[in-house]
Amino acid sequence: MAARLVSILPRFAIVTFVFLFATAAVTFAAGKQIASNPGKKAAAAPAAPPTLVVPDVRNQAFVFAKGSLEDSGFAWRVAGSVHGFAANTVTAQSPAAGLRVIDTGAPLVTVTLLRNARYAEHGAPEDASLLRGTKIQLADIPASPIVPARRAKAAKPAATKPAPLTPPKVAPPKKQERAAVSKRPPAFVVPGARREPLNEMPLPDRARLLGRFIESNPQPTNANVKHWLYQHEWIVVGARLGWWHGAEALRILITDDAKAQTRWGVGSRSAEVARRALAAVEARSR
């Protein structure tokens with residue numbers, strides 16, 4: 001019995017050794033696999049979508065308000081019983097000025113207008129922009145809303161204040177603009193009217209550019225005619241507000257309308273609007 005036990009022990013020791021070796025190998029392989037396959041890195045946060053800030057177009061003539069909206073990346077439409085004629089005034093807008101919205105393509109701003117009885121309404125109204133409006137989606141962090149008139153005084157910041165979203169209506173021009181103001185004095189002053197925006201080309205230059213546009217576009221496409229009417233309204237309204245060299249711009253505009261009549265078959269009615277505006281501007285400029 002003892003001899004048999006002695007013969008079995010070496011075999012048992014060998015089996016035990018093999019078992020322990022195999023267990024250690026499996027444990028090592030598992031540990032190596034875990035070490036070589038760590039948890040996946042956290043996915044990078046998606047980039048924030050681009051945003052736009054809704055400009056304040058309240059109390060502006062419609063012809064200027066729609067330009068400000070388009071320049072800021074927005075589409076627009078007119079709501080209510082008063083339609084989109086150049087001299088009508090914006091009384092309300094939605095969304096509110098100063099809100100930050102996600103750039104969904106051409107976020108749609110709705111404006112409500114007040115009829116300006118001093119100016120006749122000619123032609124067809126423009127109640128929607130050429131850009132097709134997209135959905136308004138507010139950004140997570142809204143910009144500070146623009147609050148007109150009564151606003152709490154804030155501490156003066158050390159840095160320079162950012163430029164306003166739209167040209168100031170009442171505030172005096174900045175120092176760097178005074179030289180430009182002196183070069184473009186108004187022909188007359190209309191109380192409460194918007195000043196000529198100095199970041200826009202003078203009215204005579206705009207009228208000359210419009211003439212070249214008509215000459216280079218022989219076909220009266222919908223886009224060409226709308227561009228002509230938009231520029232025409234801008235010049236007429238600006239001249240009636242007393243902007244620099246408005247009478248000169250209207251004389252050029254009348255020749256532009258003659259070109260439009262010759263090339264496109266339209267323009268005679270617009271020329272009559274420009275002539276009436278020229279008579280009114282010349283009378284006030286005396």
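Q: Two strands count as paired if DSSP finds at least two bridges between them; what makes S2 and S5 a pair?

A: In this predicted model, where local features need pLDDT of at least 70 and side-chain atom pairs pLDDT 80 or more, totals for chains, interfaces and linings use all residues. Residues are numbered from 1 along each chain as its sequence is written, and side-chain values use heavy atoms, without hydrogens or water. S2 (75–79) and S5 (108–114) are joined by 5 bridges and run parallel, so they meet the requirement of at least two. Ala-79 stands opposite Thr-112 in S5.

Q: How do you know that S3 and S5 pair, and in which sense?

A: S3 (89–94) and S5 share 5 bridges, in the antiparallel sense. Gln-93 has Val-111 of S5 as its bridge partner. Strands here are DSSP runs of E, at least two residues long, and helices are runs of H or I of at least four, both numbered from the N terminus.

Q: Why is H2 called oblique to H5?

A: The axes of H2 (residues 62–71) and H5 (residues 222–240) cross at roughly 130° and come within 9 Å. Angles under 35 degrees are roughly parallel, over 145 roughly antiparallel, 65 to 115 roughly perpendicular, and the rest oblique. The crossing angle of H2 and H5 falls in that remainder, which makes H2 oblique to H5.

Q: Which residues make the contact of H2 with H5?

A: With contact meaning heavy atoms within 4.5 Å, H2 contributes Val-63, Phe-64, Lys-66 and Gly-67, and H5 contributes Tyr-230, Glu-233, Trp-234, Val-237 and Gly-238. They divide into 5 nonpolar, 2 polar and 2 charged; Gly counts as polar under this scheme, and Glu and Lys as charged.

Q: What makes H2 mostly covered?

A: Of its 10 residues, 8 are buried, that is, under 20% relative accessible area (exposed is over 50%, partly exposed in between; 1.4 Å probe, protein chains only). The buried residues of H2 are Phe-62, Val-63, Phe-64, Ala-65, Lys-66, Gly-67, Ser-68 and Leu-69. Their cover includes S2, S3, S5 and H5. After H2 comes Gly-73, with a positive phi near 95°.

Q: Why does Trp-228 count as buried or exposed?

A: Trp-228, a residue of H5, has 2% relative accessibility and therefore counts as buried. Leaving aside residues up to four places away in sequence, Trp-228 touches Leu-210, Ile-214, Asp-257, Ala-260, Trp-264, Val-266, Gly-267 and Ser-270. Trp-228 and Asp-256 are 28 residues apart in sequence and 9.4 Å apart in space, C-alpha to C-alpha.

Methods: Axes are lines fitted to C-alpha atoms, for helices over the stretch in contact, and angles run from 0 to 180 degrees between N-to-C directions.
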